[in-house]
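Biologist: Could you walk me through reading a few features off a model like this one?
Modeller: Sure, let's put it on the screen and go through it piece by piece.

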Amino acid sequence: MKRFQVKVCGNNNLENFKEIAAIEPDYVGFIFYPESKRFVEDESIFEVFPNAEKVGVFVNESIENILEKVEQYKLDIVQLHGDETADFCEELINRKHQRLLTDENFLDFKIWKAIGIQNEKDFQQLTTYQQVVDSFVFDTKSANYGGTGYKFDWKLLINYQLSTPFLLSGGIKLEDAFLLKNFQHPRCIGFDINSGFESEPGIKKIDEIKQFIDTIDGRFEQN
C-alpha cells in the first residue's frame with residue numbers, strides 16, 4: 001500500500017509543538033503571514049528540533065525576507081501560499097542558487113506552491129509552475145489565502161494531469177482518515193492538516209493527530 005506523508009501546519013505554541021514533534025509527522029509548518037491567526041510570534045518554538053522537515057508558509061512575501069527566514073530558522077521547504085507567479089518562483093530559485101554558491105552555511109530548500117481550488121479551471125494555470133516548484137498544495141480557494149476549514153470538491157482532482165506531486169489540504173479532519181488512507185490519485189503524496197485538528201487557533205489536538213497519522217500509516221484500523 002502507498003505510504004502517504006502528513007504535514008501538521010499552523011504551529012505557533014511552544015509546549016503544544018513539543019507534543020507534535022514527539023509523534024513525528026513528516027512535515028511541520030510555520031506560518032509567516034502576519035494576518036493569520038497562526039502567525040509565529042514566539043521564536044522559541046524553533047529551539048525544538050523535530051524529526052520532521054520544517055516548512056515555512058509565506059503569503060506574497062519578498063524574496064529577501066523569505067531567504068532571511070530560511071537561513072534564520074533552517075527551513076527545509078518554502079511554501080508559497082499567496083499570488084506568487086511562476087516567474088517569482090524562478091527568481092527565488094535563482095537567488096537560492098546564488099546563496100548556495102556564495103555562503104557555505106546556507107542550506108538548500110524545496111519550493112511548494114499552494115493553489116486554491118474552486119472549480120476545474122483552477123488547474124489550467126499550473127503548467128507554467130511545473131519546472132519551478134517541487135510540489136503543489138491544493139487548498140480550498142479563499143480570499144484570505146486558505147484557513148477556511150472547508151473542503152473543496154476532491155472529485156475535481158481528476159482534472160489534474162501533470163507530473164508534479166501534490167499534498168491535499170483544506171478542511172481535513174480525523175473523520176476523513178479512513179477515506180484518505182486509500183485516496184486514489186497517482187500524484188498525491190500526502191495530506192496537510194491544520195484547523196480541523198485544533199481546539200483553538202495554533203493549539204492542536206495531539207491525540208487526534210496521532211490517530212490520523214496512525215490510520216494513514218495503517219497502524220490503526222476501523223472496528
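Biologist: What follows helix 5, and what is the sign of its phi?
Modeller: Keep in mind that this is a predicted model. Right after helix 5 comes glycine 218, and its phi is positive, near 85°.

Biologist: Which residues of helix 5 are buried?
Modeller: Helix 5 spans residues 206-216, and its buried residues are Ile206, Ile209, Phe212, Ile213, Asp214, Thr215 and Ile216.

Biologist: And what covers those buried residues?
Modeller: The cover includes three strands and two helices by name: strand 1 (5-8), strand 8 (188-193) and strand 10 (203-204), plus helix 1 (14-22) and helix 4 (177-180).

Biologist: Back to phi for a second. Which sign do most residues other than glycine have?
Modeller: The general idea is that most residues other than glycine have a negative phi. Glutamate 24 is not a glycine, yet its phi is positive, about 55°. Asparagine 60, also not a glycine, has a positive phi of about 50°.

Biologist: Where do glutamate 24 and asparagine 60 sit?
Modeller: Glutamate 24 is in the loop between helix 1 and strand 2. Asparagine 60 is in the loop between strand 3 and helix 2 (63-73).

Biologist: How do I label their exposure, given the relative accessible areas?
Modeller: The partly exposed class runs from 20% to 50% relative accessible area. Glutamate 24 has 46%, so it is partly exposed. Asparagine 60 has 41%, so that one is partly exposed as well.

Biologist: Let's do rings. What numbers describe a pair of aromatic rings?
Modeller: You describe such a pair by the distance of the centres and the angle of the planes. This structure holds 21 aromatic pairs. Take phenylalanine 32 and phenylalanine 58: 5.1 Å centre to centre with 10° between the planes, which is a stacked pair.

Biologist: Where along the chain are those two?
Modeller: Phenylalanine 32 is in the loop between strand 2 (27-31) and strand 3 (53-58), while phenylalanine 58 is in strand 3. They are 26 residues apart, so the pair links distant parts of the chain. Both phenylalanine 32 and phenylalanine 58 are buried.

Biologist: Why is the pair of tryptophan 154 and phenylalanine 183 put in its class?
Modeller: Their ring centres are 6.1 Å apart and the planes are at 90°, so you call the pair edge-to-face. Tryptophan 154 lies in the loop between strand 6 (135-140) and strand 7 (166-169), and phenylalanine 183 in the loop between helix 4 and strand 8, so the pair ties together parts 29 residues apart in sequence. Tryptophan 154 and phenylalanine 183 are both buried.

Biologist: Which residues make up the aromatic cluster?
Modeller: Phe17, Phe30, Phe32, Phe46, Phe58 and Tyr73 form one cluster.

Biologist: And which charged side chain lies over the face of a ring?
Modeller: Lysine 96 lies over the face of phenylalanine 109, at 5.1 Å from the ring centre.

Biologist: On to pockets. What is the volume of the largest pocket, and what lines it?
Modeller: Its volume is about 510 Å³. The lining has 29 residues, with Arg38, Tyr145, Gly146, Gly147 and Asn194 nearest the centre. By class, that lining is eight nonpolar, 15 polar and six charged.

Biologist: How about the second largest pocket?
Modeller: That one holds about 240 Å³ of space. Its lining has 16 residues, and Gly82, Asp83, Ala114, Ile115 and Gly116 lie nearest its centre. Strand 5 (110-117) and strand 6 are the elements that give two or more residues to that lining, and strand 5 gives the most, with four. The classes come out as four nonpolar, seven polar and five charged.

Biologist: What lines the largest cavity?
Modeller: Val70, Glu71, Lys74, Leu75, Asn105, Phe106 and Leu107 line the largest cavity, around about 40 Å³ of space. Four of those lining residues are nonpolar, one is polar and two are charged.

Biologist: One last spot: what does glutamate 120 touch?
Modeller: Leaving out residues up to four places away in sequence, glutamate 120 touches Leu156 and Asn159. Glutamate 120 sits in the loop between strand 5 and strand 6. The C-alpha atoms of glutamate 120 and isoleucine 158 are separated by 8.8 Å, with their places 38 residues apart along the chain.

Note on methods: Residues numbered from 1 in each chain as written. Predicted model: local features only at pLDDT ≥ 70, side-chain atom pairs only at ≥ 80, totals over all residues. Heavy atoms only, no water. Buried < 20%, exposed > 50% of the residue type's maximum accessible area, 1.4 Å probe, protein only. Contact = heavy atoms within 4.5 Å. Phe/Tyr/Trp six-rings, centres within 6.5 Å; stacked < 30°, edge-to-face > 60°. Lys NZ or Arg CZ within 6 Å of the ring centre and 35° of its normal. 1 Å grid on protein atoms, 1.4 Å probe; cavity = no way out; pocket = protein on both sides within 12 Å on 5 of 7 lines; lining within 4 Å. Points joined across faces, edges and corners; volume = space filled by probe spheres on them. Nonpolar A, V, L, I, M, F, W, Y, C, P; charged D, E, K, R; others polar.
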